[in-house]
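The following report walks through one protein chain, moving from a single residue to the whole fold. Please keep the sequence and the structure in view while reading.

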Amino acid sequence: MFRRFSVLRWCLILVSSLGLVISGWLLQLLLVSTPAATFPKLEAAPIPDELSPLDSLLQAALNLAEQARSDAAMAQSAQDWSAVMGQWADAITLIQSVPTTSPQRLFAQRKAEEFLLNLKTAQQKAAGSVPAVFPTLGSQILDEQLAGYFSYMAAVGVPDVLIVGSSRALQGVDPQALQQALSDRGYAEAKVFNLGINGATAQVVNFVLQRLLTPEQLPKLILWAGGSRAFNSSR
């Protein structure tokens, strides 16, 4: 009885093994005889021989930006930084010309933001590289205002009207508005400059006009906008 059971068990194992072998052979034969499934191939878009006007516009902006970065790495003088500023400004102008309907618009906007930050940095570097017109007077506010006035005279000459005083003059009198008002009254070529200095007292104004600037550097009309505090007294 036990031998019959053992023989039967081995027969079952042999049949199962033989079935697996036959199944594997049939599966292999089926794979070989069946043609492989075909799937659509993803091919890269063809690269045009010439760039489209839009692609050329974007590439020109990127090229200018790369040149600006290269020049900024070697810039030292105010003139160098001014050239870098011009390159960033041109790159921004080009990249902002990408149409709103273009798929490149989002990329162009992000690049424009990056270019604007770089332009701001170049402006700060250019301002910090401007050589002093004369030795410092010990006041950064006074130094900056006088440097601006000397730069103005070098560019357009001595103004026709000079505004002096403290913050009342600097913030309370708009040179452009005054210039426009003079133009409306027949003085079309009148030039106005605001030399107001925050915190300037009457003594500071007197020092600037009487001892610091020469008569050749002063206009015929000087507008002093101030208050009683300019005399260090409330009387």
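Leaving aside residues up to four places away in sequence, Asn194 touches Gln145, Ile163, Ala169, Leu170, Val173 and Pro175, where a contact means heavy atoms within 4.5 Å. Asn194 belongs to strand S2, and helices (H or I, at least four residues) and strands (E, at least two) are DSSP runs, numbered from the N terminus. With a relative accessible area of 10%, Asn194 is buried; buried means under 20% relative accessible area, exposed means over 50%, and partly exposed lies in between, using a 1.4 Å probe and protein chains only.

The model discussed here is predicted, so local features need pLDDT of at least 70 and side-chain atom pairs count only at pLDDT 80 or more, while totals for chains, interfaces and linings use all residues. Residues are numbered from 1 along each chain as its sequence is written, and side-chain values use heavy atoms, with hydrogens and water left out.

The side chain of Asn194 also takes part in polar contacts, which are pairs of N or O atoms within 3.5 Å; within protein, one atom must be able to donate a hydrogen and the other to accept it, and residues adjacent in sequence count only if both atoms are side-chain atoms. A polar atom of this side chain lies 2.9 Å from the backbone oxygen of Ala169, and the side chain of Asn194 reaches the backbone nitrogen of Gly196 at 2.8 Å.

Strand S2 (192-194) is, together with strand S1 (161-165) and helix H8 (202-212), among the elements that cover the buried residues of helix H5. Those buried residues are Leu142, Asp143, Leu146, Tyr149, Phe150, Tyr152 and Met153. Helix H5 covers residues 140-156, and its 17 residues reach 24 Å from the first C-alpha to the last, close to the 24 Å expected at 1.5 Å a residue; the expected span of a helix is 1.5 Å times one less than its number of residues. After H5 comes Gly157, which has a positive phi, near 95 degrees.

Helix H3 (residues 78-95) can be checked in a like manner, since its 18 residues should span 26 Å at 1.5 Å a residue, and its end C-alpha atoms are indeed 26 Å apart. The buried residues of H3 are Ala78, Trp81, Val84, Gln87, Trp88, Ala91, Ile92 and Ile95. The C-alpha of Gln87 is separated by 10.0 Å from that of Asn63, a residue 24 places away along the chain. Asn63 sits in helix H2 (residues 53-74) and counts as partly exposed, at 45% relative accessibility.

How many salt bridges does a search of the whole structure find? The search finds 3, a salt bridge being a side-chain nitrogen of Lys or Arg within 4 Å of a carboxyl oxygen of Asp or Glu. Side chains of opposite charge can pair when their charged atoms come close.

| Salt bridge | Closest N to O distance |
|---|---|
| Glu66 and Arg69 | 3.7 Å |
| Arg69 and Glu114 | 2.4 Å |
| Lys111 and Glu114 | 3.4 Å |

The pair of Arg69 in helix H2 and Glu114 in helix H4 (residues 105-128) links distant parts of the chain, 45 residues apart. Glu66 and Arg69, by contrast, are separated by about one helical turn, because they are 3 residues apart in helix H2, and Lys111 and Glu114 are likewise about one helical turn apart, being 3 residues from each other in helix H4. Glu66, Arg69, Lys111 and Glu114 are thus linked in a network of salt bridges. Within this network, Arg69 is partly exposed at 32%, and Glu114 is partly exposed at 28% relative accessibility.

A nonpolar core is a set of buried Ala, Val, Leu, Ile, Met, Phe, Trp, Tyr and Cys residues joined through side-chain atoms within 4.5 Å. In the largest such core, which has 18 residues, Trp81, Val84, Trp88, Ile95, Phe115 and Ala122 touch the most other members. Helices H2, H3 and H4 are the elements that give two or more residues to this core. Another core, of 17 residues, lies apart from it and includes Leu142, Ile197, Val208 and Leu213.

Taken as a whole, the chain has 8 helices and 3 strands, and 26% of its 235 residues count as buried. Among contacts between residues at least 6 apart in sequence, 72% join residues at least 24 apart.
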